[in-house]
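Work through the exercises below with the model open beside you, and try each task before you read its solution.

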Amino acid sequence: LTADCTILEMDEETDLSQIRPAFGGNIMAHIKTPNNRPQMATVRYKIMNAPERMPGETGEIVNRHMPSGKLVSRVEVLDIVEKPKEESIENADVLVVAGRGVKKPEDLQMLQELADLLDGQLACTRPLVEAGVMDAKTQIGLSGRTVRPKLIITCGVSGAVQFTAGMNHSDQIFAINTDPEAPIFKTANYCLVGDLYEVVPELIQRIEARKGAAHV
Ligand SMILES: Cc1cc2nc3c(=O)[nH]c(=O)nc-3n(C[C@H](O)[C@H](O)[C@H](O)COP(=O)(O)OP(=O)(O)OC[C@H]3O[C@@H](n4cnc5c(N)ncnc54)[C@H](O)[C@@H]3O)c2cc1C
């Protein structure tokens with residue numbers, strides 16, 4: 001069983017090629033288990049589309065008898081402590097992503113404001129985690145999380161392949177970058193060549209104005 005695969009391929013001899021980043025995303029490991037059947041793998045959350053429900057599918061449920069003695073556990077439950085629910089970027093419909101184009105940690109507040117207005121969450125590229133500015137749980141990419149939100153707005157993100165591998169299946173990708181040659185524009189659906197320090201406040205203002213108008 002290979003856990004957390006990001007790519008699955010079937011070889012000609014019907015061996016499953018289980019592919020996943022290893023050593024912090026430095027290599028893509030191809031794991032094969034040719035001497036064993038069944039070959040089983042789990043895939044990274046959000047990396048693949050969940051299959052559509054097939055209403056016509058049927059199957060037989062076979063109930064097997066289990067001797068009650070086998071169901072006796074030697075584990076004694078002393079206490080149950082509920083884990084507080086954490087927000088995770090994988091489940092967000094809207095993500096605003098901070099890249100190295102964000103100059104100071106204080107400036108993240110502006111992006112958080114945009115995320116809040118859109119009921120979204122703030123995420124980031126790896127350099128911001130390495131700089132200790134953002135939590136590793138908010139990093140998108142090969143050595144971070146894979147996301148598929150309805151809308152992702154990248155701000156000052158160049159679009160390195162290690163980043164885009166974690167977000168290129170998002171429904172709508174809106175990229176803001178001062179450099180018209182930035183690779184992120186090859187992945188984005190909406191490309192905005194401009195300074196995030198001008199564009200983001202303008203976006204916030206327009207969204208607030210629309211929301212205000214909707215409440216009148
Ligand atoms: C093995 C390995 C694994 C990796 N895994 C990941 C990963 O999981 N996630 C990840 O993100 N990276 C990962 N990386 C790093 C990755 O290669 C890039 O270095 C990183 O994604 C770059 O982050 P960035 O786009 O924020 O910064 P940069 O590449 O420095 O880009 C900053 C961008 O901001 C733009 N900019 C600057 N100022 C402004 C402004 N005022 N307004 C608008 N735009 C502006 C610039 O034009 C530039 O394009 C990995 C690297 C390796 C080697």
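**Exercise 1. The ligand and its surroundings**

Task: Find which atom of the ligand lies 2.6 Å from a polar side-chain atom of T125, and then describe what surrounds the ligand.

Solution: In this predicted model, the partner of the polar side-chain atom of T125 is an oxygen atom of the ligand, at a distance of 2.6 Å. Next, turn to the backbone, where a polar atom of G144 is 3.4 Å from an oxygen atom of the ligand, while a polar backbone atom of T178 is 3.3 Å from a nitrogen atom of the ligand. On its own the ligand has 990 Å² of accessible area, and the protein covers 80% of this. The place where the ligand sits is the largest pocket. Among the elements of the fold, α2, α3 (161-164) and α5 (196-215) are those that give two or more residues to the shell around the ligand. Finally, 29 residues are found around the ligand, and those that come nearest are R100, T125, S143, S158 and N177.

**Exercise 2. Buried or exposed?**

Task: Decide whether I140, T146 and K83 are buried or exposed, and place each of them in the fold.

Solution: Begin with the loop between α2 and β8, where I140 has its place. I140 has a relative accessibility of 2%, and because this is under the 20% cut-off, I140 counts as buried. Leaving aside neighbours within four places in sequence, I140 is in contact with several residues, including I89, L95, V97, F163 and M167. I140 and A165 are 25 residues apart in sequence, and their C-alpha atoms are 8.6 Å apart in space.

The second residue, T146, is found in the loop between α2 (126-130) and β8 (151-155). Its relative accessible area is 6%, so T146 is buried by the cut-off of under 20%. When neighbours within four places in sequence are left aside, the contacts of T146 are R44, Y45, K46, I47, E90 and G166.

The third residue, K83, belongs to the loop between β5 (41-43) and β6 (94-98). With a relative accessible area of 70%, K83 passes the cut-off of over 50% and is therefore exposed. From K83 to A50 the separation is 33 residues in sequence and 26 Å in space, C-alpha to C-alpha.

**Exercise 3. Backbone angles**

Task: State what kind of peptide bond joins R37 and P38, and what values phi takes at T14 and D119.

Solution: Start from the general expectation, which is that most residues other than glycine have a negative phi and most peptide bonds are trans. The bond that joins R37 and P38 is a cis peptide bond, with omega at about 0°, and P38 is found in the loop between β4 (27-31) and β5.

Now consider T14, a residue other than glycine whose phi is positive, near 65°. T14 is found in the loop between β2 (7-10) and β3 (16-22), and because its relative accessibility is 48%, T14 counts as partly exposed.

The phi of D119 is also positive, near 55°, and D119 lies in the loop between α1 and β7 (121-124). Since its relative accessible area is 70%, D119 is exposed. The helix that D119 follows is α1, which covers residues 108-117 and has as its buried residues L108, M110, L111, L114, A115 and L117.

Technical notes:
Residues numbered from 1 in each chain as written. Heavy atoms only, no water. Helix = DSSP H or I, 4+ residues; strand = E, 2+ residues; numbered from the N terminus. Buried < 20%, exposed > 50% of the residue type's maximum accessible area, 1.4 Å probe, protein only. Contact = heavy atoms within 4.5 Å. Near = heavy atom within 4 Å. Polar contact = N/O pair within 3.5 Å; in protein donor to acceptor, adjacent residues only side chain to side chain. Areas by Shrake-Rupley, 256 points an atom, 1.4 Å probe, with all protein chains shown as cover. 1 Å grid on protein atoms, 1.4 Å probe; cavity = no way out; pocket = protein on both sides within 12 Å on 5 of 7 lines; lining within 4 Å. Sits in = over half its atoms within 2 Å of the grid points.
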